[in-house]
Every structure is written in structure tokens, then in C-alpha cells.
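Here's a walk through a model, one region at a time. Keep the structure open beside you as you read.

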Amino acid sequence: MPALFAFLHHLAFLSMTAVLTMQLILLGQSFTLQNARKIRIADRILGISAVLLLVVGFLRVFFFEKGASYYFHNGAFHAKLTLFVIAALLSIYPTIQFLRWGKSLRQGEVPEIGDRKRRWMRIIVHAELTAIVGMALCAALMAKGIGYFG
């Protein structure tokens, strides 16, 4: 079971990375109806992946691996969780924008999005990806026992 949960945790992490990269690319391309639909689908997958990552991660903390005591006494674990929360909070703005496109997309129209708003969404997605890289670093540190203060 620990190997299965480790696999699911890594799969969710990789999915988040791939989907954010896809969003970044699509937001940089010419804005079409097809791209807007892809961005919304990607955002749903991102949300599912993030929830899966969090749930499976906490199952690993409490029931598998080194145990909750180890993780809650590790600075890298706290940093990893903080980066996850930052990425989650950052994702709220783009998600709200993507949800607002629903009516336009149902009518077969390209949603209105200004260059400035699109640029901000790309900056936010870049920041989310940066947080994910930081999370990977924290995971490597945790695995080697770096950051333990218990």
C-alpha cells in the first residue's frame, strides 16, 4: 500500500505540473474558442489533481511512510505545505476567470479577455509552477531527513 499511495501522490503532482504548463502555453497562444475550452478543462483537472495530492499526501503522513510525528517536526514539510497553500490561493483568480467564460463558451463565442488580464493569468501560472518546483525541493529534503527539528 505505501508504494501505491506514493505512486498516486507522484501522479497527482505530475498532473498538476503538466496541466499548469498546458495552461501557460494556451494562455500564450492566440485566443480561440478551442483554446478557451481546453483551458477550462485543464483547470478542472488541476483542481482534481490538487485535491488528490492533498488527500493522498495526508494519508501518507498519517498511515504510511514515517508517521505524522516525523512530518510535523520537519521544516521542509511545513515549507511544502505552505507552498501548496500559496499555489492554491494563487489559482483562485484564474479559476474565477475561467468559470466566467461558461456562458460565452456555451453560446459558441470566444470569451472576452484583455491582454492585461491574460498577462496577469500567465504571471500567476508561472508563480504556481515556481511553487511546485519548491514543493519538489522540499519533498527531496524531507526524504533525506533534512529539516527535522524533533
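## A tyrosine to start with

Let's begin with Tyr93, which sits in helix H4. Do keep in mind that this is a predicted model. Is Tyr93 buried or partly exposed? Its relative accessible area comes out at 32%, so it falls in the partly exposed class, between the 20% and 50% cut-offs.

What does Tyr93 touch, once residues up to four places away in sequence are set aside? The contacts are Lys117, Met121 and Ile124. Ala3 is another story: 90 residues separate it from Tyr93 along the chain, and the two C-alpha atoms are 35 Å apart.

## Helix H1

Now on to H1, which has 27 residues. At 1.5 Å a residue it should span 39 Å, and its end C-alpha atoms are 39 Å apart, so expectation and model agree.

H1 also has a good list of buried residues, including Phe5, His9, Phe13, Met16, Leu20, Gln23 and Leu27. Among the elements covering the buried residues of H1 are H2, H4 and H6.

## Aromatic pairs

Searching the whole structure turns up nine aromatic pairs. Take Phe31 and Trp101: their ring centres are 5.1 Å apart and their planes meet at 75°, which is over the 60 degree cut-off, so the pair counts as edge-to-face. The two partners come from distant parts of the chain, 70 residues apart, with Phe31 in the loop between H1 and H2 and Trp101 in the loop between H4 and helix H5 (102–106).

Both rings belong to buried residues: Phe31 has a relative accessible area of 16%, and Trp101 has 5%. Elsewhere you'll find one aromatic cluster made up of Phe58, Phe62, Tyr70, Tyr71, Phe72, Phe77 and Tyr148.

## The largest pocket

How big is the largest pocket? Its volume is about 480 Å³. There are 22 residues lining it, and those closest to its centre are His9, Arg60, Lys80, Ala139 and Met142. His9 also appears among the buried residues of H1.

Which elements give two or more residues to that lining? They are helix H1 (2–28), helix H2 (33–63), helix H3 (68–72), helix H4 (75–100) and helix H6 (115–143). H2 gives the most, with six residues. Sorted by class, the lining holds 15 nonpolar, three polar and four charged residues.

How values were computed
Residues are numbered from 1 along each chain as its sequence is written. This is a predicted model: local features need pLDDT of at least 70, side-chain atom pairs count only at pLDDT 80 or more; totals for chains, interfaces and linings use all residues. Side-chain values use heavy atoms; hydrogens and water are left out. On a 1 Å grid over the protein atoms alone, a cavity is a set of points where a 1.4 Å probe fits but cannot get out, and a pocket is an open set with protein on both sides within 12 Å along at least five of seven lines; lining residues have an atom within 4 Å of a point. Grid points are joined across faces, edges and corners, and a volume is the space filled by probe spheres set on the points. Helices (H or I, at least four residues) and strands (E, at least two) are DSSP runs, numbered from the N terminus. Ala, Val, Leu, Ile, Met, Phe, Trp, Tyr, Cys and Pro count as nonpolar, Asp, Glu, Lys and Arg as charged, and the others, Gly among them, as polar. Rings of Phe, Tyr and Trp (its six-membered ring) pair if their centres lie within 6.5 Å; planes under 30 degrees apart count as stacked, over 60 as edge-to-face and the rest as tilted. Buried means under 20% relative accessible area, exposed over 50%, partly exposed in between (1.4 Å probe, protein chains only). Contact means heavy atoms within 4.5 Å. The expected span of a helix is 1.5 Å times one less than its number of residues.
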